[in-house]
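Trainee: I'd like to go through the labels people put on a model like this one. Can we take them one at a time and check each against its cut-off?

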Amino acid sequence: MSGSLEAAAKDHLVRYGGDTFPNLFTKARGTVVTDSQGREYLDFTSGQMCATIGHNHPAIVEAVHRAGEKAFHFFSGMIPEVVAELAQVLARDWLPGDLTKTIFVNTGSEATEVALRMAKMYTGGYEVLALGGSWHGITGGASSVSMASDRKGYGVPAPGVFVIPEPNAYRPYFPGMDEEAAALANLDLALKLYDMQSAGKGAAIIVEPVISAGGVLVPPRSFLVALRQAADARGMLLIFDEAQTAFGRIGTRTGAEHFDVVPDIMTMSKTLGGGLPLAAVATTAAIEADIYEKHFTYYTSHVSDPLTAEVGLAVLKVIEQEKLVDRANAMGAYLRGRFEDLQQRYEVIGDVRGLGLLIGVELVTDRVSRSPAHALGALTTRKCFEKGLSMNIRRRPERGSVWRIAPPLTVSTNEIDRAVEILEAALRESLDEIAAGGTA
Ligand SMILES: Cc1ncc(COP(=O)(O)O)c(C=O)c1O
(Lines give C-alpha, C1' and ligand atoms only; values in the text may rest on other atoms or scores of the structure.)
Protein backbone atom coordinates (compact mmCIF):
# COMPACT_ATOMS: atom_id res chain seq x y z
CA MET A 1 0.00 0.00 0.00
CA SER A 2 2.58 2.53 1.11
CA GLY A 3 4.82 1.84 -1.91
CA SER A 4 2.04 2.85 -4.24
CA LEU A 5 1.27 5.90 -2.11
CA GLU A 6 4.91 6.98 -2.27
CA ALA A 7 4.55 6.83 -6.05
CA ALA A 8 1.27 8.76 -5.79
CA ALA A 9 3.02 11.43 -3.72
CA LYS A 10 5.70 11.74 -6.38
CA ASP A 11 3.19 11.82 -9.23
CA HIS A 12 0.51 14.05 -7.77
CA LEU A 13 1.86 16.37 -5.10
CA VAL A 14 3.31 19.81 -5.71
CA ARG A 15 6.81 19.98 -4.25
CA TYR A 16 6.61 22.89 -1.85
CA GLY A 17 10.17 23.20 -0.63
CA GLY A 18 9.69 21.91 2.90
CA ASP A 19 8.92 18.36 1.75
CA THR A 20 12.38 17.04 2.51
CA PHE A 21 11.71 13.43 3.52
CA PRO A 22 11.35 10.52 1.08
CA ASN A 23 9.03 8.65 3.50
CA LEU A 24 5.32 9.02 4.11
CA PHE A 25 4.12 9.36 7.70
CA THR A 26 1.17 7.82 9.45
CA LYS A 27 1.12 8.48 13.17
CA ALA A 28 2.28 10.87 15.90
CA ARG A 29 2.12 10.47 19.70
CA GLY A 30 3.97 12.52 22.29
CA THR A 31 7.55 13.02 21.06
CA VAL A 32 7.41 10.18 18.52
CA VAL A 33 6.30 10.20 14.89
CA THR A 34 5.99 7.01 12.82
CA ASP A 35 6.43 6.48 9.10
CA SER A 36 4.55 4.09 6.86
CA GLN A 37 7.24 1.43 7.30
CA GLY A 38 6.58 1.53 11.05
CA ARG A 39 9.90 3.30 11.78
CA GLU A 40 9.78 5.68 14.74
CA TYR A 41 11.51 9.04 14.99
CA LEU A 42 11.97 11.32 17.97
CA ASP A 43 10.48 14.61 16.85
CA PHE A 44 12.75 17.35 18.16
CA THR A 45 10.99 19.89 15.91
CA SER A 46 7.67 19.44 17.75
CA GLY A 47 6.09 19.13 14.30
CA GLN A 48 7.11 22.60 13.13
CA MET A 49 6.84 23.86 16.72
CA CYS A 50 3.12 23.10 17.00
CA ALA A 51 3.09 19.94 19.13
CA THR A 52 4.36 21.79 22.19
CA ILE A 53 2.25 19.61 24.52
CA GLY A 54 3.21 16.50 22.53
CA HIS A 55 1.59 15.07 19.41
CA ASN A 56 -2.04 13.93 19.75
CA HIS A 57 -2.26 14.67 23.46
CA PRO A 58 -5.38 12.88 24.78
CA ALA A 59 -6.80 16.28 25.81
CA ILE A 60 -6.62 17.41 22.18
CA VAL A 61 -8.26 14.21 20.93
CA GLU A 62 -11.06 14.70 23.49
CA ALA A 63 -11.50 18.34 22.46
CA VAL A 64 -11.90 17.33 18.82
CA HIS A 65 -14.57 14.81 19.84
CA ARG A 66 -16.28 17.45 21.98
CA ALA A 67 -16.37 19.84 19.03
CA GLY A 68 -17.80 17.01 16.96
CA GLU A 69 -20.69 16.76 19.41
CA LYS A 70 -21.30 20.53 19.11
CA ALA A 71 -20.04 22.19 15.91
CA PHE A 72 -16.89 22.27 13.82
CA HIS A 73 -17.78 25.40 11.95
CA PHE A 74 -20.33 28.21 11.61
CA PHE A 75 -21.03 31.09 9.28
CA SER A 76 -18.25 33.66 9.89
CA GLY A 77 -20.72 36.14 11.36
CA MET A 78 -21.69 33.77 14.18
CA ILE A 79 -19.42 33.82 17.22
CA PRO A 80 -19.28 30.39 18.90
CA GLU A 81 -19.47 30.32 22.72
CA VAL A 82 -16.17 28.50 22.93
CA VAL A 83 -14.44 31.30 21.02
CA ALA A 84 -15.64 33.85 23.57
CA GLU A 85 -14.36 31.57 26.33
CA LEU A 86 -10.93 31.22 24.72
CA ALA A 87 -10.63 35.00 24.32
CA GLN A 88 -11.50 35.40 28.00
CA VAL A 89 -8.93 32.81 29.13
CA LEU A 90 -6.20 34.45 27.04
CA ALA A 91 -6.94 37.92 28.42
CA ARG A 92 -7.23 36.67 31.99
CA ASP A 93 -4.38 34.16 32.25
CA TRP A 94 -1.90 34.55 29.44
CA LEU A 95 -1.56 37.94 27.79
CA PRO A 96 0.62 40.77 29.13
CA GLY A 97 -0.41 44.33 29.97
CA ASP A 98 -3.68 45.53 28.54
CA LEU A 99 -3.88 43.15 25.58
CA THR A 100 -7.47 42.12 26.21
CA LYS A 101 -9.01 41.84 22.73
CA THR A 102 -8.32 38.88 20.46
CA ILE A 103 -9.29 37.64 17.01
CA PHE A 104 -8.86 33.98 16.00
CA VAL A 105 -7.61 32.90 12.59
CA ASN A 106 -5.76 29.84 11.29
CA THR A 107 -2.04 30.20 10.61
CA GLY A 108 0.84 32.31 11.83
CA SER A 109 1.12 33.88 8.38
CA GLU A 110 -2.49 34.95 8.61
CA ALA A 111 -1.93 36.32 12.10
CA THR A 112 0.84 38.52 10.67
CA GLU A 113 -1.55 39.76 7.96
CA VAL A 114 -4.10 40.65 10.65
CA ALA A 115 -1.50 42.45 12.78
CA LEU A 116 -0.22 44.48 9.83
CA ARG A 117 -3.76 45.42 8.77
CA MET A 118 -4.54 46.53 12.31
CA ALA A 119 -1.38 48.66 12.54
CA LYS A 120 -1.91 50.22 9.11
CA MET A 121 -5.50 51.11 9.83
CA TYR A 122 -4.78 52.44 13.32
CA THR A 123 -1.85 54.64 12.27
CA GLY A 124 -2.95 55.53 8.75
CA GLY A 125 0.59 54.59 7.70
CA TYR A 126 2.09 51.68 5.82
CA GLU A 127 5.80 51.64 6.64
CA VAL A 128 7.00 48.64 8.61
CA LEU A 129 10.35 47.99 10.25
CA ALA A 130 11.34 44.32 10.43
CA LEU A 131 14.48 42.50 11.51
CA GLY A 132 17.11 40.77 9.42
CA GLY A 133 16.60 37.01 9.71
CA SER A 134 12.92 37.45 10.56
CA TRP A 135 10.22 34.98 9.58
CA HIS A 136 6.63 36.09 9.92
CA GLY A 137 5.02 33.86 7.31
CA ILE A 138 4.63 33.04 3.66
CA THR A 139 1.55 35.02 2.55
CA GLY A 140 1.91 38.34 0.72
CA GLY A 141 2.15 40.85 3.55
CA ALA A 142 3.88 38.44 5.91
CA SER A 143 6.59 37.47 3.43
CA SER A 144 7.24 41.16 2.73
CA VAL A 145 8.40 41.55 6.33
CA SER A 146 10.24 38.19 6.43
CA MET A 147 13.92 38.43 5.64
CA ALA A 148 14.67 34.74 6.19
CA SER A 149 12.16 33.81 3.48
CA ASP A 150 12.89 33.05 -0.15
CA ARG A 151 11.93 36.42 -1.52
CA LYS A 152 13.10 35.98 -5.11
CA GLY A 153 10.72 35.01 -7.87
CA TYR A 154 7.37 36.09 -6.48
CA GLY A 155 6.96 39.60 -7.82
CA VAL A 156 6.93 42.88 -5.95
CA PRO A 157 6.82 42.65 -2.14
CA ALA A 158 4.65 45.15 -0.27
CA PRO A 159 6.38 48.54 -0.37
CA GLY A 160 7.47 50.44 2.72
CA VAL A 161 9.46 47.72 4.49
CA PHE A 162 12.75 48.68 6.17
CA VAL A 163 15.25 46.32 7.79
CA ILE A 164 16.89 46.54 11.18
CA PRO A 165 20.00 44.33 11.45
CA GLU A 166 19.24 41.48 13.84
CA PRO A 167 21.23 41.25 17.07
CA ASN A 168 23.59 38.29 16.75
CA ALA A 169 26.02 37.96 19.63
CA TYR A 170 27.92 35.09 17.99
CA ARG A 171 28.14 36.55 14.50
CA PRO A 172 28.00 40.32 14.99
CA TYR A 173 28.00 42.74 12.05
CA PHE A 174 30.66 44.78 13.86
CA PRO A 175 32.93 42.42 15.80
CA GLY A 176 34.69 43.77 18.86
CA MET A 177 31.73 45.54 20.45
CA ASP A 178 29.98 43.91 23.35
CA GLU A 179 26.70 42.21 22.51
CA GLU A 180 24.37 44.82 23.91
CA ALA A 181 26.27 47.83 22.54
CA ALA A 182 26.41 46.20 19.09
CA ALA A 183 22.65 45.49 19.07
CA LEU A 184 21.84 49.05 20.09
CA ALA A 185 24.33 50.59 17.63
CA ASN A 186 22.78 48.62 14.77
CA LEU A 187 19.33 49.74 15.80
CA ASP A 188 20.40 53.35 16.12
CA LEU A 189 21.87 53.32 12.60
CA ALA A 190 18.84 51.54 11.14
CA LEU A 191 16.49 54.10 12.72
CA LYS A 192 18.58 57.02 11.41
CA LEU A 193 18.41 55.57 7.90
CA TYR A 194 14.70 54.86 8.27
CA ASP A 195 13.99 58.40 9.41
CA MET A 196 15.83 59.70 6.33
CA GLN A 197 13.88 57.46 3.98
CA SER A 198 10.48 57.59 5.64
CA ALA A 199 7.54 59.26 3.92
CA GLY A 200 6.20 59.95 7.41
CA LYS A 201 3.84 56.98 7.14
CA GLY A 202 5.12 54.70 9.88
CA ALA A 203 2.77 51.87 10.87
CA ALA A 204 4.65 49.22 12.85
CA ILE A 205 7.79 47.59 14.07
CA ILE A 206 7.45 43.81 13.97
CA VAL A 207 9.76 41.45 15.83
CA GLU A 208 10.00 37.88 17.11
CA PRO A 209 11.12 38.05 20.76
CA VAL A 210 13.53 35.22 19.88
CA ILE A 211 14.54 35.42 16.22
CA SER A 212 14.09 31.76 15.49
CA ALA A 213 14.37 31.02 11.78
CA GLY A 214 17.21 33.57 11.69
CA GLY A 215 19.25 31.23 13.90
CA VAL A 216 17.62 31.15 17.36
CA LEU A 217 18.97 34.59 18.29
CA VAL A 218 18.07 35.90 21.74
CA PRO A 219 18.27 39.71 21.76
CA PRO A 220 19.35 41.64 24.84
CA ARG A 221 16.37 43.02 26.76
CA SER A 222 17.57 46.58 26.11
CA PHE A 223 17.12 45.98 22.37
CA LEU A 224 13.41 45.21 22.78
CA VAL A 225 13.02 48.16 25.16
CA ALA A 226 14.63 50.36 22.51
CA LEU A 227 12.22 49.01 19.86
CA ARG A 228 9.33 49.88 22.20
CA GLN A 229 10.70 53.42 22.53
CA ALA A 230 11.39 53.73 18.79
CA ALA A 231 7.80 52.76 17.98
CA ASP A 232 6.36 55.19 20.54
CA ALA A 233 8.57 58.04 19.35
CA ARG A 234 7.28 57.61 15.80
CA GLY A 235 3.63 56.91 16.51
CA MET A 236 4.08 53.35 15.25
CA LEU A 237 2.74 50.18 16.87
CA LEU A 238 5.01 47.47 18.24
CA ILE A 239 4.05 43.96 17.12
CA PHE A 240 5.48 40.88 18.84
CA ASP A 241 5.26 37.77 16.71
CA GLU A 242 4.96 35.09 19.38
CA ALA A 243 4.31 32.16 17.05
CA GLN A 244 7.12 30.25 18.75
CA THR A 245 7.60 32.02 22.07
CA ALA A 246 4.05 32.13 23.47
CA PHE A 247 2.63 29.53 25.84
CA GLY A 248 5.67 28.16 27.60
CA ARG A 249 8.25 27.13 25.02
CA ILE A 250 10.86 29.60 26.36
CA GLY A 251 10.02 29.05 30.04
CA THR A 252 7.62 31.96 30.48
CA ARG A 253 4.02 32.46 29.45
CA THR A 254 5.12 34.73 26.59
CA GLY A 255 8.20 36.43 25.18
CA ALA A 256 6.69 39.70 26.37
CA GLU A 257 6.77 38.32 29.90
CA HIS A 258 10.36 37.09 29.57
CA PHE A 259 11.62 40.47 28.37
CA ASP A 260 9.13 42.51 30.40
CA VAL A 261 8.17 44.55 27.34
CA VAL A 262 4.53 44.86 26.32
CA PRO A 263 3.72 45.22 22.61
CA ASP A 264 0.62 46.89 21.15
CA ILE A 265 -0.24 43.79 19.14
CA MET A 266 0.75 40.18 19.75
CA THR A 267 0.42 37.33 17.28
CA MET A 268 0.20 33.72 18.45
CA SER A 269 -0.13 30.44 16.56
CA LYS A 270 1.61 27.03 16.50
CA THR A 271 1.36 25.87 20.18
CA LEU A 272 -2.13 27.32 20.59
CA GLY A 273 -3.67 24.83 18.16
CA GLY A 274 -1.48 21.93 19.33
CA GLY A 275 -1.25 20.75 15.70
CA LEU A 276 -4.59 22.06 14.47
CA PRO A 277 -4.61 25.36 12.55
CA LEU A 278 -5.34 28.00 15.17
CA ALA A 279 -3.75 31.44 15.40
CA ALA A 280 -4.69 34.54 17.33
CA VAL A 281 -3.95 38.24 17.34
CA ALA A 282 -4.40 40.28 20.50
CA THR A 283 -4.41 44.03 20.97
CA THR A 284 -5.63 46.66 23.42
CA ALA A 285 -9.24 47.74 23.84
CA ALA A 286 -8.26 51.26 22.71
CA ILE A 287 -6.70 50.07 19.44
CA GLU A 288 -9.59 47.70 18.82
CA ALA A 289 -12.12 50.50 19.38
CA ASP A 290 -10.22 52.83 17.06
CA ILE A 291 -10.00 50.41 14.15
CA TYR A 292 -13.59 49.28 14.68
CA GLU A 293 -14.66 52.89 14.14
CA LYS A 294 -12.59 52.88 10.95
CA HIS A 295 -14.39 49.72 9.72
CA PHE A 296 -11.60 47.20 10.27
CA THR A 297 -12.35 43.92 8.54
CA TYR A 298 -10.66 40.57 8.61
CA TYR A 299 -12.62 37.45 7.97
CA THR A 300 -12.08 34.22 6.13
CA SER A 301 -14.23 31.10 5.93
CA HIS A 302 -12.48 29.94 9.10
CA VAL A 303 -12.30 33.01 11.32
CA SER A 304 -13.54 32.13 14.85
CA ASP A 305 -13.89 28.39 14.18
CA PRO A 306 -15.31 26.47 17.15
CA LEU A 307 -13.31 23.28 16.47
CA THR A 308 -9.91 24.90 16.84
CA ALA A 309 -11.04 27.10 19.74
CA GLU A 310 -12.13 23.98 21.64
CA VAL A 311 -8.66 22.57 21.04
CA GLY A 312 -6.97 25.87 22.00
CA LEU A 313 -8.74 25.84 25.36
CA ALA A 314 -7.67 22.25 25.95
CA VAL A 315 -4.04 23.06 25.06
CA LEU A 316 -3.90 25.98 27.51
CA LYS A 317 -5.46 23.82 30.22
CA VAL A 318 -2.84 21.09 29.70
CA ILE A 319 -0.02 23.65 29.88
CA GLU A 320 -1.38 24.81 33.26
CA GLN A 321 -2.22 21.37 34.64
CA GLU A 322 1.04 19.69 33.61
CA LYS A 323 3.05 22.79 34.66
CA LEU A 324 4.70 22.84 31.25
CA VAL A 325 6.04 26.40 31.56
CA ASP A 326 8.20 25.29 34.50
CA ARG A 327 8.99 22.07 32.72
CA ALA A 328 10.36 24.04 29.72
CA ASN A 329 12.91 25.56 32.08
CA ALA A 330 13.84 22.30 33.78
CA MET A 331 14.08 20.16 30.64
CA GLY A 332 15.62 23.08 28.73
CA ALA A 333 18.41 23.31 31.30
CA TYR A 334 18.98 19.55 31.05
CA LEU A 335 19.05 19.55 27.23
CA ARG A 336 21.25 22.59 27.13
CA GLY A 337 23.64 20.97 29.60
CA ARG A 338 23.93 17.95 27.31
CA PHE A 339 24.80 20.21 24.37
CA GLU A 340 27.28 22.21 26.41
CA ASP A 341 28.94 18.91 27.26
CA LEU A 342 29.12 18.06 23.52
CA GLN A 343 30.53 21.53 22.90
CA GLN A 344 33.43 20.74 25.27
CA ARG A 345 34.29 17.75 23.13
CA TYR A 346 33.58 18.93 19.59
CA GLU A 347 35.39 21.97 18.20
CA VAL A 348 32.71 22.28 15.49
CA ILE A 349 30.01 23.20 18.02
CA GLY A 350 30.69 26.90 18.15
CA ASP A 351 27.74 28.17 20.16
CA VAL A 352 24.84 26.85 22.24
CA ARG A 353 22.10 29.38 22.91
CA GLY A 354 18.38 29.85 23.39
CA LEU A 355 15.75 29.98 26.11
CA GLY A 356 13.80 27.14 27.72
CA LEU A 357 13.21 24.40 25.15
CA LEU A 358 14.04 26.57 22.14
CA ILE A 359 17.73 25.89 21.66
CA GLY A 360 20.10 26.80 18.85
CA VAL A 361 23.37 24.97 18.29
CA GLU A 362 25.65 26.64 15.77
CA LEU A 363 28.14 24.59 13.74
CA VAL A 364 31.43 26.07 12.58
CA THR A 365 34.47 24.72 10.76
CA ASP A 366 36.61 26.01 13.65
CA ARG A 367 36.10 28.34 16.58
CA VAL A 368 38.62 30.95 15.46
CA SER A 369 37.26 31.69 11.97
CA ARG A 370 33.68 30.76 12.98
CA SER A 371 33.08 29.86 9.31
CA PRO A 372 29.63 28.24 8.99
CA ALA A 373 29.87 24.44 8.63
CA HIS A 374 26.99 24.12 6.18
CA ALA A 375 27.99 20.75 4.69
CA LEU A 376 28.42 19.27 8.15
CA GLY A 377 25.06 20.66 9.23
CA ALA A 378 23.24 19.13 6.26
CA LEU A 379 25.01 15.76 6.54
CA THR A 380 24.47 15.44 10.28
CA THR A 381 20.81 16.36 10.03
CA ARG A 382 20.32 13.69 7.36
CA LYS A 383 22.15 11.07 9.40
CA CYS A 384 20.11 11.97 12.48
CA PHE A 385 16.95 11.32 10.54
CA GLU A 386 18.27 7.96 9.30
CA LYS A 387 19.02 7.03 12.91
CA GLY A 388 15.60 8.10 14.20
CA LEU A 389 15.87 11.76 15.20
CA SER A 390 14.05 14.50 13.35
CA MET A 391 15.40 17.98 13.87
CA ASN A 392 15.57 21.22 12.04
CA ILE A 393 18.59 22.92 10.61
CA ARG A 394 18.56 26.63 9.78
CA ARG A 395 21.09 27.31 7.06
CA ARG A 396 21.58 30.62 5.33
CA PRO A 397 24.68 31.43 3.30
CA GLU A 398 25.04 34.81 4.99
CA ARG A 399 24.50 33.37 8.43
CA GLY A 400 25.50 30.23 10.26
CA SER A 401 24.40 26.65 10.18
CA VAL A 402 22.23 26.25 13.25
CA TRP A 403 20.39 23.22 14.58
CA ARG A 404 17.10 24.30 16.06
CA ILE A 405 16.28 21.90 18.87
CA ALA A 406 12.74 22.21 20.14
CA PRO A 407 11.14 19.00 21.41
CA PRO A 408 7.67 19.00 23.00
CA LEU A 409 7.68 20.41 26.55
CA THR A 410 6.50 16.95 27.64
CA VAL A 411 9.79 15.35 26.48
CA SER A 412 11.41 12.96 28.98
CA THR A 413 15.05 12.86 30.06
CA ASN A 414 15.27 9.39 28.47
CA GLU A 415 14.14 10.83 25.15
CA ILE A 416 16.64 13.66 25.46
CA ASP A 417 19.44 11.21 26.25
CA ARG A 418 18.49 9.03 23.28
CA ALA A 419 18.36 12.10 20.96
CA VAL A 420 21.76 13.35 22.11
CA GLU A 421 23.21 9.86 21.64
CA ILE A 422 21.89 9.77 18.05
CA LEU A 423 23.10 13.26 17.39
CA GLU A 424 26.59 12.55 18.66
CA ALA A 425 26.84 9.36 16.58
CA ALA A 426 25.64 11.28 13.50
CA LEU A 427 28.11 14.07 14.18
CA ARG A 428 31.04 11.66 14.61
CA GLU A 429 30.21 9.80 11.38
CA SER A 430 29.75 13.04 9.47
CA LEU A 431 33.07 14.43 10.68
CA ASP A 432 34.81 11.19 9.67
CA GLU A 433 33.20 11.25 6.24
CA ILE A 434 34.10 14.87 5.66
CA ALA A 435 37.68 14.27 6.87
CA ALA A 436 37.93 11.36 4.42
CA GLY A 437 36.90 13.73 1.63
CA GLY A 438 33.45 12.19 1.33
CA THR A 439 30.18 13.92 0.63
CA ALA A 440 31.17 17.37 1.89
C1 LIG B 1 7.84 33.47 14.18
C2 LIG B 1 6.90 32.94 13.14
N3 LIG B 1 5.92 33.73 12.68
C4 LIG B 1 5.05 33.32 11.74
C5 LIG B 1 5.14 32.05 11.22
C6 LIG B 1 4.19 31.61 10.17
O7 LIG B 1 3.32 30.69 10.69
P8 LIG B 1 2.54 29.66 9.74
O9 LIG B 1 3.58 28.76 9.18
O10 LIG B 1 1.59 28.99 10.67
O11 LIG B 1 1.85 30.45 8.70
C12 LIG B 1 6.13 31.18 11.67
C13 LIG B 1 6.24 29.84 11.10
O14 LIG B 1 7.21 29.15 11.17
C15 LIG B 1 7.04 31.64 12.65
O16 LIG B 1 8.02 30.85 13.10
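**Checking the labels**

Mentor: Sure, and keep in mind that this is a predicted model. Start with Phe74: its relative accessibility is 33%, and partly exposed covers what falls between under 20% (buried) and over 50% (exposed), so Phe74 counts as partly exposed.

Trainee: What makes Phe74, Phe75 and Met78 a nonpolar patch on the surface?

Mentor: A patch residue needs over 30% relative accessible area and no salt bridge, and nonpolar side chains are joined within 5 Å. Phe74, at 33%, clears that area cut-off. Together the three residues have about 330 Å² of accessible area. Phe74 itself sits in the loop between helix H3 (58–69) and helix H4 (81–94).

Trainee: How do you know that Glu310 and Arg66 form a salt bridge?

Mentor: Their side chains meet at 2.8 Å, N to O, and the rule asks for within 4 Å, so the pair qualifies. Glu310 belongs to helix H11 (residues 306–321) and Arg66 to helix H3, so the bridge ties together parts 244 residues apart in sequence.

Trainee: Why is Glu310 called buried, and what about Arg66?

Mentor: Glu310 has a relative accessible area of 7%, and buried means under 20%, so that label fits. Arg66 comes in at 35%, which makes it partly exposed.

Trainee: And Arg92 with Asp93: which label does each one get?

Mentor: Arg92 is at 57% and counts as exposed, because exposed means over 50%. Asp93, at 22%, is partly exposed. Their side chains also meet in a salt bridge, at 3.0 Å from N to O.

Trainee: Are Glu362 and Arg353 buried or exposed?

Mentor: Glu362 has 1% relative accessible area and Arg353 has 10%; the buried cut-off is under 20%, so both labels read buried. They form a salt bridge at 2.8 Å, N to O, and belong to a network of salt bridges with Arg171 and Asp351. By this rule the count of salt bridges comes to 23.

Trainee: What makes the ligand's partners polar contacts?

Mentor: The cut-off for a pair of N or O atoms is within 3.5 Å. A polar side-chain atom of Asp241 lies 2.6 Å from a ligand nitrogen. A backbone N or O atom of Gly108 is 2.8 Å from a ligand oxygen, and one of Trp135 is 3.2 Å from a ligand nitrogen. Alone, the ligand exposes 390 Å², and the protein buries 83% of that.

Trainee: How many residues of each class make up the shell?

Mentor: There are 2 nonpolar, 6 polar and 3 charged residues, with Lys270 and Glu208 among the residues around the ligand.

Conventions
Residues numbered from 1 in each chain as written. Predicted model: local features only at pLDDT ≥ 70, side-chain atom pairs only at ≥ 80, totals over all residues. Heavy atoms only, no water. Patch = residues over 30% accessible without salt bridge, like charges linked within 9 Å, V, L, I, M, F, W, Y side chains within 5 Å. Areas by Shrake-Rupley, 256 points an atom, 1.4 Å probe, with all protein chains shown as cover. Helix = DSSP H or I, 4+ residues; strand = E, 2+ residues; numbered from the N terminus. Buried < 20%, exposed > 50% of the residue type's maximum accessible area, 1.4 Å probe, protein only. Near = heavy atom within 4 Å. Polar contact = N/O pair within 3.5 Å; in protein donor to acceptor, adjacent residues only side chain to side chain. Nonpolar A, V, L, I, M, F, W, Y, C, P; charged D, E, K, R; others polar.
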